[in-house]
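User: I've got a structure open and would like to learn how to read its features one at a time. Can you walk me through it?

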Amino acid sequence: MKKKNIFTIALLFAALGAIVSCKPKMGKQSVDSSAASSVYIAPGQYDEFYDFVSGGFNGQLSVYGLPSGRLLKVLPVFSQNGENGYGYSEETKPMLMTSFGFLPWDDSHHSTLSMTDGSYDGRWAFINANNTPRIARIDLKTFRTSEIIELPNSAGNHSSPFPTANTEYLVAGTRFSVPADYENGDVSIADFAKYFHGHISYIKVDPKTGGLSLDFQLELPPFNFDLSHSGKAKSTDWSFFTCYNSEKAHTLLEINASKNDKDYILAVNWKKAAEHAQKGDCKIQNVKYAHNVWSEEKLTATSEIINTVKVIDTKVVNDFLYLIPCPKSPHGVDVDPTGEYIVANGKLATNLPVFSFDKIMKAIEGKQFDGNVDGINVLKYEAALYGEVKTPGLGSLHTEFDASGHAYTSFFISSEIVKWNLKDLKILDRIPTYYSIGHLSVMGGDTRTPYGKYMVAYNKITKDRFLPTGPELCQAAQLYDISGDKMKLILEFPTIGEPHYAVAIPADKIKPNVLQFTKLADNHNPSMISSPKEARVERNGQRVDIYLGAIRSRLIPDNIEGIKIGDEVYFHVTNLEQEWDIPHGFAVKGNTNAEVLVMPGETCTLKWIPNRVGIIPFYCTDFCSALHQEMQGYVRVSVAGSNVPLKFSIDDKSVKELK
Amino acid sequence: MLLLIVAAILTAISAFMSLWRIDLAAPQYPEGLVLFIGGFDGVSGNLYGINELNHYVGMAKIIPSEFWEFQLLPYLLLGFAALFLVSAFVKKKGLSLFSLILFGIFGILSFVDFYYWTYTYGHNLDASAPIKVPGMAYQPPIFGYKKLLNFEAFSQPDLGGYLLIAAGLILAFAVLYRFDFFGLCKKKSV
């Protein structure tokens with residue numbers, strides 16, 4: 001090689017090196033050395049907050065402790081849970097019934113908490129099912145799903161289930177507009193504007209029991225109702241919804257629903273709406289929806305189908321709701337602790353608009369309207385606007401608040417949180433998230449009395465943040481200290497499912513009320529037994545009921561004979577323990593079903609269709625005691641029509657002989 | 001006289017209360033387990049859980065209704081209260097001395113009985129028990145601390161027991177007073 005050539009190659013490499021070093025630096029962020037100690041909860045110590053995090057596409061509700069970020073429990077709500085038998089046991093199957101039949105899965109997005117006077121009261125959590133519209137109530141004494149109500153005329157139950165300030169109502173808006181259930185839905189999709197409607201549901205919450213009932217619905221133009229928040233303090237009587245797809249597109253929404261510069265915020269005076277519904281300014285429409293209730297007394301759920309709903313046609317009755325123009329394809333709509341500022345997060349907007357409740361009221365009074373949509377008055381943008389935060393970031397999604405007049409907005413595209421001042425709309429600080437944040441949650445950030453202190457970012461993309469687990473990764477949350485002027489990243493933790501909205505509440509509002517175990521005397525499940533002596537096997541035609549007792553370290557009875565092919569067997573397992581944290585599990589070999597995990601003093605029923613002749617073992621699946629491995633038994637399965645008599649025993653004796 | 005009334009009241013109250021308690025602690029029971037002895041329940045506290053644990057080492061189930069002692073105990077104490085009240089009003093030196101002696105005998109017999117039962121429960125183990133530790137017995141202490149496998153046991157008087165001890169001391173003092181042990185014979189009777 002000639003010298004000249006070598007020189008040229010060297011020059012080329014040097015030039016390449018220069019180009020490579022020009023590549024943008026994506027260095028890792030620095031974390032304060034004090035961060036570890038600020039989130040460290042010593043073994044045996046408790047976290048300051050319970051954090052209820054929606055499970056997204058796992059359909060559940062997860063409970064974390066903050067500031068440690070420790071996962072405490074995943075509560076099954078809308079998806080079957082083989083781990084404890086939720087949705088598999090006969091007692092819990094009715095919880096997942098809908099007008100479509102039994103649904104094993106859903107997509108849960110927004111966890112919210114019951115409120116009194118605009119602040120969390122620690123009684124119930126609520127969460128929506130997005131796919132097949134439903135709302136669930138979780139009792140925070142037992143951390144069990146207590147109720148699920150289906151919503152007719154809806155699809156993509158996304159703007160849900162945001163409570164009013166005293167939990168009078170939960171709101172639920174449909175993300176997909178669809179033909180109403182009470183109309184013929186067999187229409188051409190291209191006739192969207194003609195046949196499709198939006199519906200918003202107002203679900204009444206019984207102040208004593210928490211019981212849910214669908215009080216009334218609003219029939220609206222076919223927009224996509226994306227998110228919601230209820231007013232507080234002076235705006236208590238109002239609820240606010242974001243609407244996108246004001247274009248009424250029915251296909252390629254990515255392009256066709258992004259055309260208008262402004263979509264809308266829908267402001268609904270729900271008190272007035274409720275009065276209309278009560279007065280009868282509505283139609284009773286024929287629909288079909290399920291209402292499922294768990295009874296703590298019977299430790300069993302029941303499901304019923306309801307056939308009517310009151311619908312207010314807003315083309316006719318519309319003196320209680322207004323549209324406010326809002327740039328552009330708004331996602332979250334969030335109300336500050338004073339109830340005055342309403343922040344609308346335009347996904348595709350350059351600026352972040354902040355509306356003033358006082359100005360909205362004045363504009364309504366002064367009839368400062370800019371036409372109407374299907375009879376609903378549209379307010380003039382400027383008449384309702386308090387101001388805009390100028391170019392805060394890209395892709396704003398959600399805003400939360402602290403108690404000192406600051407707002408925190410998440411930006412998906414620029415992957416950051418921006419802190420700004422509500423009064424002068426000036427940007428105060430910004431901090432990256434890893435990566436592409438969706439929801440954010442300031443402790444108590446959607447109440448009249450935020451606790452502040454911490455903020456959590458719930459992100460959509462994790463990539464290189466943790467040890468890789470193949471193509472399918474966890475999602476991530478970051479915890480920030482917001483007690484000072486500058487936001488500080490102090491912790492990061494993986495989450496399960498896909499976290500959307502989350503709400504955190506001081507632990508002392510819940511911990512003192514938590515149930516430890518059910519007293520056997522309070523267990524009114526009709527299949528329960530209260531002592532080992534009551535254990536028995538009963539045959540009724542081809543149905544066999546096995547009433548089984550579980551107590552350290554035995555299953556009573558543990559030898560059962562006389563089961564035949566063609567039988568339908570129900571194991572009613574009662575955990576006879578009366579001590580906290582002594583659960584027993586129960587599983588049967590070859591059962592095309594899950595296990596049940598039975599808490600002390602409770603009864604769960606597991607169905608089993610034997611399909612093989614022979615000896616089938618069953619056992620306790622929860623390592624309950626030193627002799628847990630001995631906690632097992634056998635069922636003898638004989639051919640159909642066999643003469644083997646029905647027999648059950650323990651220690652080769654009748655259970656009656658037990659001491 | 002006043003002292004004897006006080007002793008009678010304390011004894012009567014103790015009839016309704018737990019006299020003795022045995023506290024148990026183990027790694028998986030950080031909150032502790034406790035047995036209360038006395039009152040109309042006989043044995044109470046975490047009886048259910050303790051029976052559940054005891055079956056592993058073959059100890060018999062403690063069923064309070066099977067003890068004649070516990071059926072009798074509260075009435076016996078109420079009887080003593082009545083006796084003290086009578087001695088308070090009858091003002092016979094002899095009667096108060098008799099009360100004291102009887103109360104003392106009752107105390108001693110109670111402890112003998114308590115020891116007997118703990119011994120029986122701790123030593124009469126079911127031969128088919130799953131956990132057998134050679135040479136191990138499970139007699140709980142009647143007073144003070146003892147380690148029993150993974151459990152630490154501590155036995156001590158409960159509030160009712162302290163009331164009885166106080167009643168006994170007051171009674172003794174009253175008797176000594178009536179017998180003029182303190183040389184104050186000119187004073188009025190107590």
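Analyst: Let's begin with a sheet, and keep in mind that this is a predicted model. In chain A, four strands make an open sheet in the order β26-β27-β28-β29, with antiparallel pairing.

User: Which strands of chain A stand at the edges of that sheet?

Analyst: Look for strands with a single partner. Here those are β26 (396-401) and β29 (427-432) of chain A, so each has one side without a neighbour in the sheet. From one strand to the next, the twist averages 20°.

User: How many bridges join β27 to β28 in chain A?

Analyst: Strand β27 (residues 406-411) of chain A is joined to strand β28 (residues 416-421) of chain A by six bridges, and the two run antiparallel. To get the register, pick one pair: Thr409(A) has Val418(A) in β28(A) as its bridge partner.

User: Back to the edge strand. Is His398(A) buried or exposed?

Analyst: For burial, count the C-beta atoms around a residue; 20 or more others within 10 Å is the threshold for buried. His398(A), which lies in strand β26 of chain A, has 28 other C-beta atoms within 10 Å, so it is buried.

User: Which residues is His398(A) in contact with, leaving aside neighbours within four places in sequence?

Analyst: The list is Gly332(A), Asp334(A), Asn345(A), Ser410(A), His439(A) and Leu440(A). You can also read a distance here: His398(A) and Ile417(A) are 19 residues apart along the chain, and their C-alpha atoms are separated by 9.7 Å.

User: Let me try a second sheet. What is the strand order in the open sheet that contains β34 of chain A?

Analyst: Read across the sheet, the order is β3-β2-β1-β34 (chain A), a set of four strands with antiparallel pairing. At its edges stand β3 (70-75) and β34 (502-506) of chain A, each with a single partner strand, so one side of each has no neighbour in the sheet. On average, neighbouring strands of this sheet are turned by 25° against each other, direction ignored.

User: And which residue stands opposite Ser54(A) in β2(A)?

Analyst: That one is Leu61(A). The strands involved are β1 (residues 49-54) and β2 (residues 61-66) of chain A, which run antiparallel and are joined by six bridges.

User: Can burial be read for a whole strand too? How many of the six residues of β42 in chain A are buried?

Analyst: Yes, just go residue by residue and then look at the strand. In β42 (residues 603-608) of chain A, five of the six are buried, so this strand is largely enclosed by the rest of the structure. It pairs with strand β39 (residues 568-575) of chain A in the antiparallel sense, over six bridges. Within that pairing, His572(A) stands opposite Thr605(A) in β42(A).

User: Now a charged residue. Where is Asp226(A) found, and is it buried or exposed?

Analyst: Asp226(A) sits in strand β14 (residues 224-230) of chain A. It has 23 C-beta neighbours inside 10 Å, so it counts as buried. Setting aside residues up to four places away in sequence, Asp226(A) touches His158(A), Ser159(A), Arg175(A), Thr242(A), Tyr244(A), Pro330(A) and His331(A). As for distance, Asp226(A) and Lys647(A) are 421 residues apart in sequence and 59 Å apart in space, C-alpha to C-alpha.

User: What about chain B? How many helices and strands does it have?

Analyst: Chain B comes to five helices and five strands, and along the sequence they follow the pattern α-β-β-β-α-α-α-β-β-α. Its C-alpha trace spans about 70 × 30 × 30 Å along the principal axes. Of its 190 residues, 27% are buried.

User: How do I read a helix pair there? At roughly what angle do α1 and α5 of chain B cross?

Analyst: Compare the axes first, then the residues that meet. The axes of α1 (residues 2-14) and α5 (residues 159-178) of chain B come within 8 Å and cross at roughly 160°, so α1(B) and α5(B) are roughly antiparallel to each other. The crossing of α1(B) and α5(B) is left-handed. By class, their contact has 14 nonpolar, three polar and no charged residues.

User: Last one: how many residues of chain B are in contact with chain A?

Analyst: Six residues of chain B are in contact with six of chain A. On the chain B side there are three nonpolar, one polar and two charged residues.

Key. Residues numbered from 1 in each chain as written. Chains lettered and ligands numbered in written order. Predicted model: local features only at pLDDT ≥ 70, side-chain atom pairs only at ≥ 80, totals over all residues. Axes fitted to C-alpha atoms, helices over the stretch in contact; angles between N-to-C directions. Parallel < 35°, antiparallel > 145°, perpendicular 65-115°, else oblique. Left-handed = near helix turned anticlockwise from the far one by under 90°. Nonpolar A, V, L, I, M, F, W, Y, C, P; charged D, E, K, R; others polar. Contact = placed C-beta atoms within 7 Å. Pairing = 2+ DSSP bridges. Buried ≥ 20, exposed ≤ 12 C-beta atoms within 10 Å, placed from the backbone.
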